[in-house]
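User: I am new to reading protein structures, and I would like a close look at one part of this one, namely the way its pieces pack against each other. Could you take me through it slowly and give the reasoning behind each step?

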Protein chains: 2
Amino acid sequence: MAHIELNNDLPGIRGLMAYRPETEKPLNALAEVLLRDDNNTLSRGERELIATYVSYLNDCFFCQNVHGSIAGHYLNCNIEQIDKIKADFSETDLSPKMKAFLNIAARVQIGGKHVSEDDIAKAREAGATDIEIHDVVLIAAAFCMFNRYVDGLGTWAPQDRMFYVNRAPQRAEEGYLGSVFK
Amino acid sequence: MAHIELNNDLPGIRGLMAYRPETEKPLNALAEVLLRDDNNTLSRGERELIATYVSYLNDCFFCQNVHGSIAGHYLNCNIEQIDKIKADFSETDLSPKMKAFLNIAARVQIGGKHVSEDDIAKAREAGATDIEIHDVVLIAAAFCMFNRYVDGLGTWAPQDRMFYVNRAPQRAEEGYLGSVFK
């Protein structure tokens, strides 16, 4: 049960957003532009994977399963493959550029000052542009917010991971704008 | 110098927002509703103080000085008084409710799961409402994002703390919507 009375039985961030629509709007607008905007050289799957990895590092069950399932949907991966990336992405067949991004995301998760010139240089060597580096840092930072919001208020989450997998195609289609009302 | 070429010389988050107006909009909208919306039983000064404290815990020089100066402006405190709150709020004459909120904010800064039922109960005993607790958690979480964004991309910040103090009245008047263009 959440730390506060939400007056709804929606899980995770959806219960919080229904409770406080004033803050729901900019939060969803941020998720939409960061994770789904078509004007981006990072695919939706790549961006969802960064969100998933940060949520895993922050141990947020709801977010890592919501976004891990959507990443799997876009990238044609199953749960086990997403779990392997979370456990040790360096041992997977992800591209060097994606590995450099997940490394930067992990630094951001610890704290902004942990991102080094060397981390940035490795991403550039793998072909990353400045705007991609910007977006990776902001996606990672944003999930340090979303994860804390979800767990800081003690929200509940369905424990069956297939719940998230089964809903992923619909979530991918709907996007984040106004999703709490659907 | 920032980790990426921003094509402007604006400090801190302002340089990032001018570089990427697509993400600037929801970020500023979030700051505006969380820190300034009049329909809130927490004062603007109280909300800026929570933002300041989390930015201090995250060691973000730019954010803790911007928001510390705005908090000082609203609360009629000088830099030294804000510094005392940051160093040990329990030893100040802040209200028990505000102390309970800063305690919750500090838990959120470590991680969402660090907020305990006891932390919430202490805030309630001091008179906190559910929506206030919600907003405190989200303000703290949001600054875990803003701080990581600012430092994760290696932005520069004026080192003279009076720069922030002198600009605070104008920032308080302008608000956060579209402030990068002013």
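Analyst: Helices here are DSSP runs of H or I that span at least four residues, and they are numbered from the N terminus. The model is a predicted one, and with the numbering in hand we can walk along chain B, beginning with N7(B), which is found in the segment before helix 1 (12–19) of chain B. The relative accessible area of N7(B) is 65%, and because exposed means over 50%, N7(B) counts as exposed. The backbone of N7(B) also deserves a look, since its phi is near 60 degrees, a positive value in a residue other than glycine. Most residues other than glycine have a negative phi.

Moving on to helix 2 (residues 21–35) of chain B, we come to L34(B). With a relative accessible area of 2%, L34(B) is buried, because that value is under 20%. The C-alpha atoms of L34(B) and D135(B) are separated by 7.1 Å, although the two residues are 101 residues apart along the chain. If neighbours within four places in sequence are left aside, L34(B) is in contact with R47(B), D135(B), L138(B), I139(B) and A142(B), and also with T23(A] of the other chain.The next stop is the packing of helix 3 of chain B against helix 8 (residues 130–152) of chain B, whose axes come within 9 Å and cross at roughly 45 degrees. That angle makes helix 3 of chain B oblique to helix 8 of chain B, because it is neither under 35 degrees nor within the range of 65 to 115. Helix 3 of chain B passes helix 8 of chain B in a right-handed crossing. On one side of this contact stand R47(B), I50(B), A51(B), V54(B) and S55(B) of helix 3 of chain B, and they meet V136(B), I139(B), A140(B), F143(B), C144(B) and N147(B) of helix 8 of chain B.

One of these residues, A140(B), which lies in helix 8 of chain B, can be followed further. Its relative accessibility is 0%, so A140(B) counts as buried. The C-alpha atoms of A140(B) and A105(B) are 5.2 Å from each other, while 35 residues separate the two along the chain. Apart from neighbours within four places in sequence, A140(B) is in contact with V54(B), A105(B) and V108(B).

After helix 3 comes a loop, and two of its residues are worth setting side by side. N58(B) sits in the loop between helix 3 (44–57) and helix 4 (61–75) of chain B, and D59(B) is placed in the loop between helix 3 and helix 4 of chain B as well. N58(B) has a relative accessible area of 17% and is buried, because the limit for that word is under 20%. D59(B), with 44%, is partly exposed, because its value falls between 20% and 50%. Not counting residues up to four places away in sequence, N58(B) touches Q109(B), F143(B), C144(B), N147(B) and R148(B). D59(B) has a positive phi of about 60 degrees although it is not a glycine.

How does this chain relate to the other one? A rotation of 180 degrees, with 0.0 Å of shift along its axis, superposes chain A on chain B with an RMSD of 0.0 Å. The two copies are therefore related as by a two-fold rotation axis. The same surface serves both copies, as 100% of the contact residues of chain A recur in chain B.

In chain A, we can look at two further helix pairs. Helix 4 (residues 61–75) of chain A and helix 8 (residues 130–152) of chain A pack at an angle of about 125 degrees, with their axes 8 Å apart. Helix 4 of chain A is therefore oblique to helix 8 of chain A. This contact is made by F62(A), C63(A) and H67(A) of helix 4 of chain A, together with F143(A), F146(A), N147(A) and V150(A) of helix 8 of chain A.

The axes of helix 6 (residues 96–110) of chain A and helix 7 (residues 117–125) of chain A come within 9 Å and cross at roughly 160 degrees. Because angles over 145 degrees count as roughly antiparallel, that is the word for helix 6 of chain A relative to helix 7 of chain A. Their crossing is left-handed, and among the residues that make the contact are F101(A) of helix 6 of chain A and A123(A) of helix 7 of chain A.

F101(A) brings us to the nonpolar core. Of the 120 residues in the largest nonpolar core, F101(A), M145(A), F101(B) and M145(B) touch the most other members. Leaving aside neighbours within four places in sequence, F101(A) is in contact with L42(A), I50(A), A123(A), A128(A), E132(A), I133(A) and V136(A).

Key
Residues numbered from 1 in each chain as written. Chains lettered and ligands numbered in written order. Predicted model: local features only at pLDDT ≥ 70, side-chain atom pairs only at ≥ 80, totals over all residues. Heavy atoms only, no water. Core = buried A, V, L, I, M, F, W, Y, C linked by side-chain atoms within 4.5 Å. Buried < 20%, exposed > 50% of the residue type's maximum accessible area, 1.4 Å probe, protein only. Contact = heavy atoms within 4.5 Å. Least-squares fit on C-alpha atoms with pLDDT ≥ 70 in both. Axes fitted to C-alpha atoms, helices over the stretch in contact; angles between N-to-C directions. Left-handed = near helix turned anticlockwise from the far one by under 90°.
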